[in-house]
Amino acid sequence: MPVSAPSTSTQTAPDADARPERRTFLQVARQPRMIGLLLLFVLAAVVCGRLGAWQLDRAYERAELAEQQEIAEAAAEGPSWLGDVLTPQETFPGELVGREVRVAGEFEPSGSLLVPGRVLEGHTGYLVLSPFRVSDEGAGGESWADLSGAPVLAVVQGWVETRADAEALILPKGEVTLTGWLQAGEATAGSAAVVDGQTDQIALSALVNEWGGPIYTGYLVATAGPGSPENGGVAALPRPTIDGGSDANLQNIFYALQWWLFGGFAVLLWIRLVRDEMAGGRRGGEPTDADTGIAGLPSA
C-alpha cells in the first residue's frame, strides 16, 4: 500500500524583530491618561500665571501708594488731625506712611520703652518709644466713642545713642499737642516681648498688652511739640517713606517672571511625556518591552 508523503505546509513564524508602528504625537496625546495629565498641567500653569500677575500688581503697588500720598499732601493745608485719617484699631492704610498729623493728649512716662539696634547716620542706638493717651484727635473723641476708652498712640520721640541719654529725657506733664509723621506698626516676626524696658520691634499688637487699649495700628514719629526731637534732647528721625519709592519693585517683577516660567515648564513637561510615550517610554527613542509606558513606568 503506497505511503503518501506527509503534507507540509509552510508557516511563517512571527518575526521576533518586528516592531509595532510608531504612533503619532496626536494619537498618544489623545489617550485618556494623557488628557488627564494635560488638564492637571494646564491647571498648574493657570495657577502660576495668576501668581505671576499678583506679583506684578505688587511690583507697582508701592508706587501707587506713593502717588496717593503725594496727592493727599498736596490737597492738605498743613498737618491733618489724626482723626481725619485714622481711627483706633483700624487697619493702617499703606498710603498714610509719612503723612503729617497732629494730635492732643498726655504722655504716660511709666510705659516708655527703648527699641535697640536702630541705625541713624551710620551709628547704632535706640529709639525712644512712649505711650501717648489721646484726648483729642480733632473731633473731640468721636472716633472712639464706641470703644472702651481713650486710645493709646505709640510715639517715637527720636533716637539716642545710649540708654543714659534716654533716661535723661524728661517727658512733659499734662495735655500737649504733638505733630509728627505716621508710620505702620512693625510685624511680629522677631521678638516683640518687653524685657528690661526694651522691645526689639514696634509691634503694636504686642504693645497693647503692656499699655492697654484701644490702640492705633500705626505710630507717630514726633517732629514738633514738647518732648519732640527739637526739644527733648533726642536726634530727629527722617520722615518715613513707602518702601520702594515711586518706582516699580524689581524683586516682585522677578518673582512674576519666575511664576510664568514655572507655568511654561508645566506645559513643556506634558509635551515631553507625550514624546517619551511615543518613543516607548525610553529617552532616545530606543524600543522597550511592551509593558512599559510613560517614561518607562508600567502601563495602566
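On the surface of this predicted model, Leu261, Phe262, Phe265 and Leu268 form a nonpolar patch of about 430 Å². One of its members, leucine 268, belongs to helix α6. At 51% relative accessibility, leucine 268 is classed as exposed, because the cut-off for that class is over 50%.

Let me stay with helix α6 for a moment. Helix α6 covers residues 250-278. Does the distance between its ends agree with the expected span, or disagree? The 29 residues should span 42 Å at 1.5 Å a residue, and the end C-alpha atoms are indeed 42 Å apart, so the two values agree.

Helix α6 also has a buried set of residues, made up of Asn252, Ala256, Gly263, Ala266, Trp270, Leu273, Val274, Asp276, Glu277 and Met278. Just after the helix comes glycine 280, whose phi is positive, at about 85°.

From the end of α6, I turn to its contacts with parts of the chain that are remote in sequence. The C-alpha atoms of arginine 275 and threonine 24 are separated by 9.2 Å, although these positions lie 251 residues apart along the chain. Threonine 24 sits in the segment before α1, the helix of residues 25-29. With a relative accessibility of 42%, threonine 24 counts as partly exposed.

A second contact of this kind is a salt bridge. The side chain of glutamate 277 meets that of arginine 33, with an N to O distance of 2.5 Å. Glutamate 277 is in helix α6, while arginine 33 is in helix α2, residues 32-75; the pair links parts of the chain 244 residues apart. Are the two partners buried or exposed? Glutamate 277 counts as buried because its relative accessibility is 5%, whereas arginine 33, at 28%, counts as partly exposed.

The structure holds five salt bridges, and I shall discuss two others among them. Arginine 133 and glutamate 108 meet through their side chains at 2.9 Å, N to O. Arginine 133 lies in strand β4, residues 123-136, and glutamate 108 in the loop between β2 and β3, so this salt bridge ties together parts 25 residues apart in sequence. Arginine 133 is partly exposed, with a relative accessible area of 23%. Glutamate 108 is likewise partly exposed, with a value of 25%.

The other salt bridge is formed by glutamate 186 and arginine 118, at 3.0 Å, N to O. Here the loop between β6 and α5 supplies glutamate 186, and strand β3 supplies arginine 118; the two residues are 68 apart along the chain. Glutamate 186 counts as partly exposed, at 24% relative accessibility.

Finally, I return to strand β4 and its pairing. How do β4 and β5 run relative to each other, parallel or antiparallel? They run antiparallel, and eight bridges join them. One of the paired positions is serine 130, whose bridge partner in β5 is valine 155.

Strand β5 comprises residues 152-160, and nine of its nine residues are buried, so the strand is largely enclosed by the rest of the structure.

To close, I would set two elements side by side. Strand β5 is largely enclosed. Helix α6 contains buried residues, including Trp270 and Leu273, and also carries the exposed leucine 268, which contributes to the nonpolar patch with which I began.

Definitions and conventions
Residues numbered from 1 in each chain as written. Predicted model: local features only at pLDDT ≥ 70, side-chain atom pairs only at ≥ 80, totals over all residues. Heavy atoms only, no water. Salt bridge = Lys/Arg side-chain N within 4 Å of Asp/Glu carboxyl O. Helix = DSSP H or I, 4+ residues; strand = E, 2+ residues; numbered from the N terminus. Buried < 20%, exposed > 50% of the residue type's maximum accessible area, 1.4 Å probe, protein only. Pairing = 2+ DSSP bridges. Expected span 1.5 Å × (residues − 1). Patch = residues over 30% accessible without salt bridge, like charges linked within 9 Å, V, L, I, M, F, W, Y side chains within 5 Å. Areas by Shrake-Rupley, 256 points an atom, 1.4 Å probe, with all protein chains shown as cover.
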